[in-house]
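User: Please take a close look at one part of this model, the shell of residues around the ligand. I would also like enough of the surrounding fold and its confidence to judge that part.

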Amino acid sequence: MDASASDVLVVGGGIVGLAFAWEAARRGLSVRLLERSRAAHGASIRNFGMVWPIGQPAGRRHDLAMRSRARWLELRDAGVTWAAECGSVHAVCEADEAALLAEFAERAAPAGIVCELLAGDEARRRFPAVARGVRAALWSPTELVVDPPRAIGQVAAYLARQHGVDVRFDTAVTAIEMPEVRTAAGERFTADRVIVCGGADFESLFPEVWAASGVRRCKLQMMRTAPQPGGWRLGPHVAGGLTLAHYAGFEGCPSLPAVRSRFAEQYSFHLAAGIHVMASQNDRGEVILGDSHDYDDVESPFDSAAIDEAILDYARGMLDLPDWTIAERWHGVYAKSTTDLCFMAEPQPACTIVGSPGGAGMTLSFGLAAEWWEAITRKRGLHPAAPMAGGVSLPS
Ligand SMILES: Cc1cc2nc3c(=O)[nH]c(=O)nc-3n(C[C@H](O)[C@H](O)[C@H](O)COP(=O)(O)OP(=O)(O)OC[C@H]3O[C@@H](n4cnc5c(N)ncnc54)[C@H](O)[C@@H]3O)c2cc1C
């Protein structure tokens, strides 16, 4: 690659930046990726590692999730990173939640979504992590687990090694004037297309675009247990009743409004803190537990002990863990579009901002990037500077 010019330059080494870089490189384009930190340290390394198609509504979004899933498996099969086909269970304790799961299961099959409704006893027999109080469960085989803190770095290294992507860490981009990109160290690069994937950073590049975008930041609290003893495995990801009110996949189920009203009465603290409870397990045996959702404009650096306690208390009702010792706590922040799958804008010709796909970046980014590059390619062959119709606004 020319020392300073490339077909495509991606800003940001989180999952979105990696996905857009990979799709460009797969098309034979020369790609440079600039990440300001020594290693990616944003939302992409702070999440559960859940690839979660079941949470996406049937149709395009579910299809994008399944495309992403295929890409993760491709990475696993190429020996790039660990990924397991763990599936998921929604394990619920109340009758109205069980009715909602039954409604979902009935609508899922005709929409091509594979899942199975289980009575509590059957769920416990198949998945020992499901707690005694669970009344019903929805098993889905499609979910994957990856290990984000390692996977993100491994994918970046793979792009460099396998696809010749020029990945540079410690390289903050401070200004873009197409076709030129400038860094904090005073370097200048040029590219036919620049894709800005800066996650929840709304200040460094194009702050005026972000200010007008309506995109919000969301802070989530998370915890990780010590490795479970004796090689104990969680099996599938486990989600509880509160999750039914969280994911768009359950929208349209007739029982949802009534379940939401009960939650408002019974779980006012949880709803105010945006708590719904999920668990995943990495290959080291640690169980990752979360989360909360705080949409305050100014992100507090301080985490709430009450939120962590509420998450753990709820988790104990749906989950039996041999060891609940919490080894680590942290929070992460993502950007959330209130209208679209993710925010996209073209502030300069052939310069595209791609926002985070909210709480589903690990689930959607590979599919989203593939869809976007296909749209560009349809428009004007492989020329990376080809504009999208009406600016760039594929997601909705
Ligand atoms: C706690 C938590 C749990 C989640 N759980 C899941 C889950 O289980 N499954 C799922 O699908 N999704 C999950 N998500 C959502 C998912 O993690 C995000 O959607 C995704 O990581 C966003 O990726 P990103 O690349 O947009 O942002 P980031 O990962 O934040 O990456 C942006 C990168 O850009 C870099 N950058 C910014 N500005 C510049 C600049 N000027 N120059 C150079 N570099 C720059 C930053 O340093 C950063 O590394 C979760 C999110 C959180 C916070």
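Analyst: The ligand shell comes first, followed by confidence, overall form and two pieces of strand pairing.

This is a predicted model, in which local features need pLDDT of at least 70 and side-chain atom pairs count only at pLDDT 80 or more, while totals for chains, interfaces and linings use all residues. Residues are numbered from 1 along each chain as its sequence is written.

The ligand is surrounded by 46 residues, a residue being near a molecule if its C-beta atom, placed from the backbone, lies within 6 Å of it. The closest are Gly-14, Gly-42, Gly-199, Gly-332 and Gly-361. Two or more shell residues come from each of α1 (15-26), β13 (216-225), β17 (326-336) and α10 (361-380); helices (H or I, at least four residues) and strands (E, at least two) are DSSP runs, numbered from the N terminus. By type, the shell holds 21 nonpolar, 20 polar and 5 charged residues. Here Ala, Val, Leu, Ile, Met, Phe, Trp, Tyr, Cys and Pro count as nonpolar, Asp, Glu, Lys and Arg as charged, and the others, Gly among them, as polar.

As for confidence, the average pLDDT (the predictor's confidence in each residue, from 0 to 100) is 93, and 94% of the residues score at least 70. Residues 389-393 fall below 50, and this stretch has 7 contacts beyond near neighbours in sequence; a contact means C-beta atoms, placed from the backbone, within 7 Å. Where pLDDT is low, the predicted coordinates should not be read in detail.

The protein has 10 helices and 19 strands. Its radius of gyration is 21 Å, which agrees with the value near 21 Å for a compact globule of 396 residues; the radius is taken over C-alpha atoms, and the globule rule is 2.2 Å times the number of residues to the power 0.38.

Away from the ligand description, strands pair if DSSP finds at least two bridges between them. β18 (residues 344-348) and β19 (residues 351-354) are antiparallel over 3 bridges, with Met-344 opposite Val-354. They form a hairpin with 2 residues between them, and Ala-350 in the turn has a positive phi of about 65°.

An open antiparallel sheet has the order β3-β8-β4. β3 (50-51) and β4 (83-84) each have a single partner strand, so one side of each lacks a neighbour in the sheet. Between β3 and β8 (residues 144-146) there are 2 bridges, and Met-50 has Val-145 as its bridge partner.

Technical notes
Contact = placed C-beta atoms within 7 Å.
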